[in-house]
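Reader: I should like a close look at one part of this model, namely the largest nonpolar core and the contacts around it. Please set out the evidence in a connected account.

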Amino acid sequence: MMKSLSLRNNLVGYTFISPFVIGFLIFTLIPAAASLYFSFTDYDLLSAPNWIGLENYTSMFTSDDRYMQSLKVTMLYVFLGVPLRLIFALFVAMILNTTSKAVGLYRTVYYLPSIIGGSVAVSIMWRNLFGDQGVINVMLNSIGIDSVRWFGDPNAALFMLVTLSVWQFGSSMLIFLAGLKNIPTELYEASGVDGAGFFTKFFRITLPMLTPIILFNLIMQLISAFMTFVPAYIISKGEGGPLDGTLLYSLYLFRQAFVFFDMGYASAMAWVMLIIVGVLTAAVFATSKLWVHYETEGGR
Amino acid sequence: MILKKFKWPIYHIFVGLLAIVMVYPVIWLLMSSFKPSNLIFTTSSSLIPDPWIWSNYVTGWIGSSGQSFMSFITNSLKIVIFSTIGAVLSSAFIAFGFARLQFKGRAIWFAVMMVTLMLPHDVVLVPQYIMFSKLGWIGTISPIVVPQYFGVPFFIFLMVQFIRTIPREMDEAATIDGVGKFGLFLRIILPLIIPALATASIFSFYWRWEDLMGPLLYLNKPSSYTVSLGLKMFLDSESVSNWGAMFAMSIVSLIPVLGVFFLFQRYIVEGISTSGLK
């Protein structure tokens, strides 16, 4: 009796999650395994994959300067963009964490860029804001700075991408805002009685209480920043220029796969990316014991 | 907290100015779309179009490569609607299994789903492309739409969180009344998680409407291009310098996104705050 009951439970349970299980096998597990296999081959889609061992991996780090460039650009993009975005998100969340009636309106306006940010239209807009005669240069001129040729200098071009990413701090801001609202006001009141100033409160209460949320935001933003594709693709018109200055990892991978049809190399690149993202995430988790403060109950 | 040091007017001036800086690019795009193409950059510091013209919208709407912008919108909507139906319903079905049913291996599969949620899509990009091309799906919307019918990890996670807030007494009462698990899902849980379904629908709409990679890989005829690809075509033919039309159609492509945002803001804000959806 018990046995048939648990069998029935298992049957019903797996019926409900079966779409996920089947989808996972077909669209994730099998492709991931195939991708691992391709990464050890030379494969151009037309002829059968040809086993070449580790050659894709070794040539990435020894003979492909563009790969190293794309790795460098991506690292710069991630390690500049993500902290800036999070700091900005936290800053805005803090100033919006008030009882003012206008906060709803401000929150909407600050979140607006994030809701449209992934679209081609916004990348086109950004490209033109930074044009030779674009608004950014006009503003620079008005405060006495010479125009920058944003599409002439690889570093300037990457800066465009970073600013576009920082501009879209909205989701992190909303998550911080929710976190700030969960901090018990008694904590602030008690420390106020003890005579703590703004900075003491910020570093002793706000920041420690938010660390679980900072960890969550940091990891989500790291992963998504690594996979950024659309802005680089649109702003550089698919080339990653100037001088590979905007050749983000996903864009170079896309070009290897679907412009040069080097499927083996692109697959190897994808696996290296997975390892980098995995190691980074693990590293963040490992250090989190040192800086993330969990309440005895709850926490995220 | 910070406010005790600032006076309210100063606070509003500061926050207001920052807000203007934030939306300025969008306003610039909007106003530029009413300027003649040859004046957009020579007058880029002025927001007021002089003369104010509508013709950019007319030329933009005619489109390029013989496809009107209307056809891009129709194609995008087709993908959005079919994808969203599949993504939301399948995710709700799966989420019910994870949130309410006891079965062997549930914890493992839930962990698998959470890993999938963080997996960079690039890893499966090439084999998926090969698989879909072997199936003869290149040039159709199937590679974009069909996977959505197998659940979207973000939505499953969101809905599991939501279902867990529903008291289990509801389930027990229904079970005593002789309702089976499917009935419980359809008649009790599904109506109660409508807010989560709404949030998931909105995000599904956004992701599919703005998607570039999928259409770029799988749609090869201009007649099946989506709005994203249509805009990219404008950009590719930018040598003609028809900025005005490109800007006008960029605005058109943002209208549904903004419309949904203003109508359903509450669901969006709650969805992000509770699940970290992006």
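Author: The account below begins with the core and then turns to the contacts between domains and between chains.

This is a predicted model, in which local features need pLDDT of at least 70 and side-chain atom pairs count only at pLDDT 80 or more, while totals for chains, interfaces and linings use all residues. Residues are numbered from 1 along each chain as its sequence is written, and chains are lettered from A and ligands numbered from 1 in the order in which they are written.

The largest nonpolar core has 145 residues. A nonpolar core is a set of buried Ala, Val, Leu, Ile, Met, Phe, Trp, Tyr and Cys residues joined through C-beta atoms within 7 Å; a residue is buried if 20 or more other C-beta atoms, placed from the backbone, lie within 10 Å of its own. The residues with the most contacts inside this core are Met173(A), Ala95(B), Ile156(B) and Met159(B). From each of domain 1 (2–61) and domain 2 (65–275) of chain B, the core draws at least three residues; these bounds come from an automatic or database domain assignment. Leaving aside residues up to four places away in sequence, Ala95(B) touches Ile156(B), Met159(B), Val160(B) and Ile163(B), contact being defined by C-beta atoms, placed from the backbone, that lie within 7 Å.

The centres of domain 1 and domain 2 of chain B, taken over C-alpha atoms, are 32 Å apart. Their contact takes 13 residues from domain 1 and 12 residues from domain 2. On the side of domain 1 that touches domain 2, the elements giving two or more residues are α1 (8–32), α2 (37–40) and α3 (55–62) of chain B; helices are DSSP runs of H or I, at least four residues, and strands are runs of E, at least two, numbered from the N terminus. The largest share of that side, five residues, comes from α3(B). By class, the side divides into six nonpolar, six polar and one charged, where Ala, Val, Leu, Ile, Met, Phe, Trp, Tyr, Cys and Pro count as nonpolar, Asp, Glu, Lys and Arg as charged, and the others, Gly among them, as polar.

Between the chains, the contact takes 74 residues from chain A and 70 residues from chain B. Helix α1 (residues 2–38) of chain A supplies the largest share of the chain A side, 20 residues. That side has 55 nonpolar, 17 polar and two charged residues. Of the 300 residues of chain A, 39% count as buried.

Key. A residue is buried if 20 or more other C-beta atoms lie within 10 Å of its own, exposed if 12 or fewer, and partly exposed in between; C-beta atoms are placed from the backbone. Two residues are in contact if their C-beta atoms, placed from the backbone, lie within 7 Å.
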